[in-house]
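Walk through this structure step by step. Start with how its helices pack, then turn to a metal site.

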Amino acid sequence: MRRFRAMIKKEITQMLRDPRTLFFIFIMPILQLMLMGYANNSDVKNIATVVFDQSNTAESRDLISAFKSTEYYAFDYIATSDTQVNNLIQGGQAKVGIIIPPDYSSQLAAGKSAQVLVLIDGSDPTIASSTLSAAQLAGQARGAKILAETLSSRGSTLGTNASPVDVRTRVLYNPDLLGAYNIVPGLIAIILFQTTVNLTAMSIVRERERGTIEQLIVTPIRNWELVLAKIIPYILVSFANTILILVIGTLWFQVPIRGSLVLLFVLTGLYLLPNLGLGLLISTMAKTQQQAQMMTMPIMLPSMMLSGFIFPMASLPLFLQAVGYMLPLTYFIIILRSLVIKGAGLELLIPQTFVLIGFSIVLLTLAALRFKKSLD
Amino acid sequence: MESEFLLETHDLVKTFGALRAVDGLNLQVRPGEMVGLVGPDGAGKTTAMRLLCGALHATSGSIRLAGYEYPGQIEQARGEIGYLAQRFSLYGDLTVKENLDFFGEIFEIPEKERQQRSADLLRFAGLSEFAERPAAALSGGMQKKLGLACALVHQPKVLLLDEPTGGVDPVARQEFWQLLIGLLRGGSAVLVSTPYMDEAMRFNRVIFMNHGKALTQGIPRNLMARLADRILELDAEPQMEAKAIAASDPEVEDVHTFGNYLHLRVSTAEGPTTRIPARLAEAGLKLNHLYPVPPTLEDVFIHLLETEGAGYG
Ligand SMILES: Nc1ncnc2c1ncn2[C@@H]1O[C@H](COP(=O)(O)OP(=O)(O)OP(=O)(O)O)[C@@H](O)[C@H]1O
Ligand SMILES: [Mg+2]
């Protein structure tokens, strides 16, 4: 036990003295959370908008000014055809297109629901998510007003749940929008992935690169003591990171945690296992820290892209989905999102939990088989 | 512990792919003995040391250290081995004291004893005043001394030192040898590798090593006696031409540069000492001196390498 304690003490001392590791542990997560969380949460204003007003009446202009008053839209372009609207959005000059049908006024006058189409460029999810809700709000506000006016002036009735202005929104290119709700849980998964895989691999490879492993392996320290002492500091760091992100997420970005915190931590612990196994496995193969970095890349990149963190799984081609399903991160993101956002309990997360257990067994076994207390 | 040797190997082999870095090495070291493993770069000294300390696993052959057989009992043997690697392998980001503490704790020395020993070793290595300095900020010589201190913290019976004086200035070297001599009195067995022949004189026994094999071994004095009266020292100018002339003499076996002079190995001394001055005069070269000198270990080693048909890089 003294050997093990000495080793842990050494690891923590070294960790706290290495500015790069400290940056990775304490600054990176906050930076990433702020960048991604903010990019998704901030109020987006004056988005380039093209309007195709086929009705061109007092009523349609009222609607446009309702949109304008939200300050989300800058009406930079007036289009004269659907194609023009599409081209402007496709070309990136406009992010939003509003198409008012020719019969807008007449429909309203007839007491019917008038349809307005709002096209949103989903390739920029930040803008898209903000404009989407703004468009619906603007439409509803306008509709409510028209409704009130109509009711008071004519005393007639409309269908109970039909709003006179029916804003139909269509998000182009990226139908599942990201929001801070999605980002915060996803980011926990990503950051834990980075700290565990990367830093574990690094801390062992660093011993090899600097030659200190040679002096270490001739001591009576046991294999498992060495490995555990390398891992435990990063397990602690991972939980600290999780708490940090959750605190910032709830206090700053108002992301609610609807599920059980205990379950969250238990499953987080489970998710650390395959990552630590992976980090150890990499450490048995890499001779230098640079090599280790190169080896994490081919796992890091697909984990970011194919796990459902950035792009929804369903939007990926099948073979990329297949790759995504081979990553532990994919399952943990599902777990976190369900647990944090939807308040899911363990009974709904059993398949993912078992997959993670499977990954843990495979990766830790492989790592244990390959990890030798030797320079060979 | 029935063996008289603290360290013993039998037909030790280590291959890296096709390369036989250690190729059938047999060596024995007794308590109180300091044995030198001497050989040129790439001879396999480090590989041999790593096999002995259990950092590498032998391809074949056996090692017996303080009564423990490897590979089976390597973990039990570790407490008896003090190893100083050729390359600095302590933690540069930990202080001198933290390094010493770490190795003391990892060898599970009782706390009170450990603290006492750490302080003693710091004093012994002359590092007391640098205790709080990060190891990376020490000079090369101080790093070697710290390495030695860390290797000694658990009072091992066998000390394996891989080029302990490499990159160390002459003064620090002297101090280093003084430290080691003190240890031998305590009955430790010390195996030291070095590429420096001049250092080999200090050892009780030297093992000449090349291409992974022990060419010969013995007490330095006895080894040198093999070449008694067979080394001539020649000082003539210009040296290049003198070397060619000396080499052409039928009784000269080898000519090599030794410091500012040439060392000639001869089968007998008489013929060359008369013929060579005459030949030099004929060629118009200036002769400063030519006389027999006591052989050095380097002469012996070069002789060995040639009879083995191997080159000395
Ligand atoms: N891990 C390894 N993989 C492959 N070859 C190796 C390895 N370690 C050593 N060698 C090779 O084995 C041979 C012996 O090397 P070794 O380091 O033991 O020599 P050495 O006598 O210590 O030399 P030096 O005086 O330069 O330290 C060399 O040819 C070296 O290139
Ligand atoms: Mg060497």
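What follows covers two helix pairs and one metal site.

This is a predicted model, in which local features need pLDDT of at least 70, side-chain atom pairs count only at pLDDT 80 or more, and totals for chains, interfaces and linings use all residues. Residues are numbered from 1 along each chain as its sequence is written, chains are lettered from A and ligands numbered from 1 in the order written, and side-chain values use heavy atoms, without hydrogens and water.

Take helix α13 (residues 328-342) and helix α14 (residues 350-370) of chain A. They pack at about 150°, with axes 9 Å apart. Axes are lines fitted to C-alpha atoms over the stretch in contact, and angles run from 0 to 180 degrees between N-to-C directions. α13(A) and α14(A) are therefore roughly antiparallel (over 145 degrees). The contact (heavy atoms within 4.5 Å) includes A:Tyr331 and A:Phe332 of α13(A) and A:Leu356 and A:Phe359 of α14(A). Its residues divide into eight nonpolar, two polar and no charged.

Now take helix α1 (residues 2-17) and helix α9 (residues 223-251) of chain A. Their angle is about 45°, with axes 9 Å apart. α1(A) and α9(A) are therefore oblique to each other (not under 35, not over 145 and not 65 to 115 degrees).

Next, the metal. The magnesium ion (ligand 2) has protein donors B:Thr46 (OG1) and B:Gln86 (OE1), 1.8 to 2.0 Å away. Donors are N, O and S atoms within 2.8 Å of the metal (3.2 Å for Na, K and Ca); water is not among the atoms, so sites may look incomplete. B:Thr46 is in helix α1 (residues 45-53) of chain B, and B:Gln86 lies 40 residues apart from it, in the loop between β7 (81-84) and α3 (96-106). B:Thr46 counts as buried at 18% relative accessibility (under 20%, 1.4 Å probe, protein chains only).

Note on methods: Helices (H or I, at least four residues) and strands (E, at least two) are DSSP runs, numbered from the N terminus. Ala, Val, Leu, Ile, Met, Phe, Trp, Tyr, Cys and Pro count as nonpolar, Asp, Glu, Lys and Arg as charged, and the others, Gly among them, as polar. Buried means under 20% relative accessible area, exposed over 50%, partly exposed in between (1.4 Å probe, protein chains only).
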